[in-house]
Amino acid sequence: MARPGFLLSSWPWRSAAYLLTGAVTGVVVLVGIVSAAVFGGVLALVLVGVPLLVLTALSGLPVAWAERHRLRLVDRAPARGQHRKPAAEGLWAWLTTRLREQATWRELGYAVLFAGLLWPVDAIVVTVALLFPLSMATTPLWLATTGGGEEVKVLKLWTVTTWPGAFGFVVLGTVFLGLGAYVLGVAAGARAELTRLLIAPREAGMGATVVELTRSRVRLVDAFEAERRRIERDLHDGAQQRLVALTMPLGLARLDVPEGPLAQQLAKAHDEAGKALSELRELIRGIHPKVLADYGLVAAVADAADRSAVPVDMDLELPGRFSQSVEAAGYFVVCEALANVGRHSGASRARVSGAYRDGRLWLKVSDDGRGGADAAAGSGLTGLADRVSVLDGRLSLSSPPGGPTLLCVEIPCELTEAAERCA
């Protein structure tokens, strides 16, 4: 409405159409509610009031559906309902679901408010802001159709007998039409916001979108973890076994061949095959360590601490096992933190601690290095923070210049059944 071209745009007429259809729809709703109450009352005499309750409760559903579609006249944002999908097929499941929903009763309340108050307001605003100015602006037409152009009553208040007076009302009506356009816009906007508040809140659509995005992220992480485990299994059972099978005949051939150039080449090939096997084992352990899948987070973190370039003190006591996604996220956070300690911190010692309390897994990795770590400087911590956030967790880093550095991870989770049995 603040734009200069508002009066020449379609929005004043869209607002008028919204309010005018609201008045017409309100009359229909009023007649429908009265008819439903009468019809339900007759049935209530036979079936002890159950049809009256059901019919009255569900009468708001078509009204809300129509109102959400009418909103498109003045509000381009999607208007979604808040109803849940029934858990089963059939009319009974649909009825029980709708009668238990808060949205059904909100829509019923809106229908009653619409039939009793809102449509008369819509009708009054359209009459005052649109019909009255139009009647004034068309005074010459009314004067010409009186059969002689003698006189005409304008809004039943003023008598016009001359053409200059009639055209004066044209100017006045045009001015009032411009002012009425803004009145229509304000009224339609307020009316639309009230409708959204009661039966189509914006937060509902946004909340559903956020939930679906969160679920899709979790599904992607689960699929990624499953793919990592598949790759680890294929490498372990395929390429690693072939390398083991290769190193054995190379070693035997090295023993059988006398000293010479051929023996040296066999020894070199045997050593290279051994190095490739070691690198492959490290790669498999980095993809998804078998110790994590078999023995859990504590054992996997202890194994990572043993392989760390910096001595690591362990203080990690957990009551059992967690879900695969939680354990994988915790493990890779610790591994990345220990790798950063060995590469960048210059620390002489690191410490890994953690606990499970109040439904949350806490992991802390600290070192006595030089500090100054920056998560945005390509350390890999940003990716770990994203991974933890998928599980509704938080990752925080404290690393002032001069040290020490503390990385803390908090993940809400529950013990699995297997973990409880192990505990």
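The following paragraphs describe the overall make-up, the main sheet, the aromatic contacts and a few single residues of a predicted model.

The protein chain contains 14 helices and 7 strands, and of its 423 residues, 35% count as buried. Where contacts join residues at least 6 apart in sequence, 69% of them link residues that are at least 24 apart.

Five strands are considered next. An open sheet of 5 strands is arranged in the order β3-β4-β5-β7-β6, and its pairing is mixed. In general, the strands of a sheet are paired through backbone hydrogen bonds, which may be parallel or antiparallel in arrangement. The edges of the open sheet are taken by β3 (312-316) and β6 (394-398), each of which has a single partner strand, so that one side of each is left without a neighbour in the sheet. From one strand to the next, the twist averages 10 degrees.

Within this sheet, strand β5, made of residues 360-367, and strand β7, made of residues 405-412, are paired in the antiparallel sense over 8 bridges, and lysine 364 is found opposite cysteine 408 of β7. Strand β7 also runs antiparallel to β6, to which it is joined by 5 bridges; here leucine 395 stands opposite valine 409 of β7. The hairpin of β6 and β7 has 6 residues between the strands, and in this hairpin glycine 402 adopts a positive phi near 95 degrees. Helix α11, residues 297-306, lies across β3, β4 (350-357) and β5, and its direction makes an angle of about 170 degrees with that of β3.

Two loops that lead into strands of the sheet hold residues with a positive phi. Aspartate 358, which lies in the loop between β4 and β5, has a phi near 55 degrees, a positive value in a residue other than glycine. Its relative accessible area is 74%, which is over the 50% limit, and aspartate 358 is therefore exposed. Aspartate 392 is placed in the loop between α13 (381-390) and β6, and although this residue is not a glycine either, its phi is positive, at about 65 degrees. With a relative accessible area of 56%, aspartate 392 is likewise exposed.

The length of helix α12 can be checked by a simple calculation. At 1.5 Å a residue, the 22 residues of this helix (324-345) should span 32 Å, and the distance of 30 Å between its end C-alpha atoms agrees with that expectation. Just after α12, glycine 346 takes a positive phi of about 70 degrees.

Aromatic contacts were examined across the whole structure, and the search finds 4 aromatic pairs. A pair of this kind is described by the distance between the ring centres and the angle between the ring planes. Tryptophan 158 and phenylalanine 169 form a tilted pair, with 5.9 Å from centre to centre and 40 degrees between the planes. Because tryptophan 158 belongs to strand β2 (residues 158-160) and phenylalanine 169 to helix α7 (residues 163-199), the pair ties together parts that are 11 residues apart in sequence. Tryptophan 158 counts as partly exposed, at 42% relative accessibility, whereas phenylalanine 169, with a relative accessible area of 15%, is buried. Another pair is formed by tyrosine 331 and phenylalanine 332, which meet edge-to-face at 5.2 Å centre to centre, with 75 degrees between the planes; both of these residues are buried.

Charged side chains are also placed over aromatic rings. Arginine 14 lies over the face of tryptophan 11, at 4.5 Å from the ring centre, and arginine 70 lies over the face of tyrosine 18, at 4.3 Å from the ring centre.

Tyrosine 18 appears again in the surroundings of glutamate 67. Glutamate 67 is located in helix α3, residues 60-70, and is buried, with a relative accessible area of 0%. When residues up to four places away in sequence are not counted, glutamate 67 touches Tyr18, Thr25, Tyr110, Phe114, Arg191, Thr195 and Ile199. Of these, threonine 195 is 128 residues away from glutamate 67 along the chain, yet the C-alpha atoms of the two residues are separated by 7.6 Å.

Definitions and conventions
Residues are numbered from 1 along each chain as its sequence is written. This is a predicted model: local features need pLDDT of at least 70, side-chain atom pairs count only at pLDDT 80 or more; totals for chains, interfaces and linings use all residues. Side-chain values use heavy atoms; hydrogens and water are left out. Helices (H or I, at least four residues) and strands (E, at least two) are DSSP runs, numbered from the N terminus. The expected span of a helix is 1.5 Å times one less than its number of residues. Two strands pair if DSSP finds at least two bridges between them. Axes are lines fitted to C-alpha atoms, for helices over the stretch in contact, and angles run from 0 to 180 degrees between N-to-C directions. Contact means heavy atoms within 4.5 Å. Rings of Phe, Tyr and Trp (its six-membered ring) pair if their centres lie within 6.5 Å; planes under 30 degrees apart count as stacked, over 60 as edge-to-face and the rest as tilted. Buried means under 20% relative accessible area, exposed over 50%, partly exposed in between (1.4 Å probe, protein chains only). A charge sits over a ring if NZ of Lys or CZ of Arg is within 6 Å of the ring centre and within 35 degrees of the ring normal.
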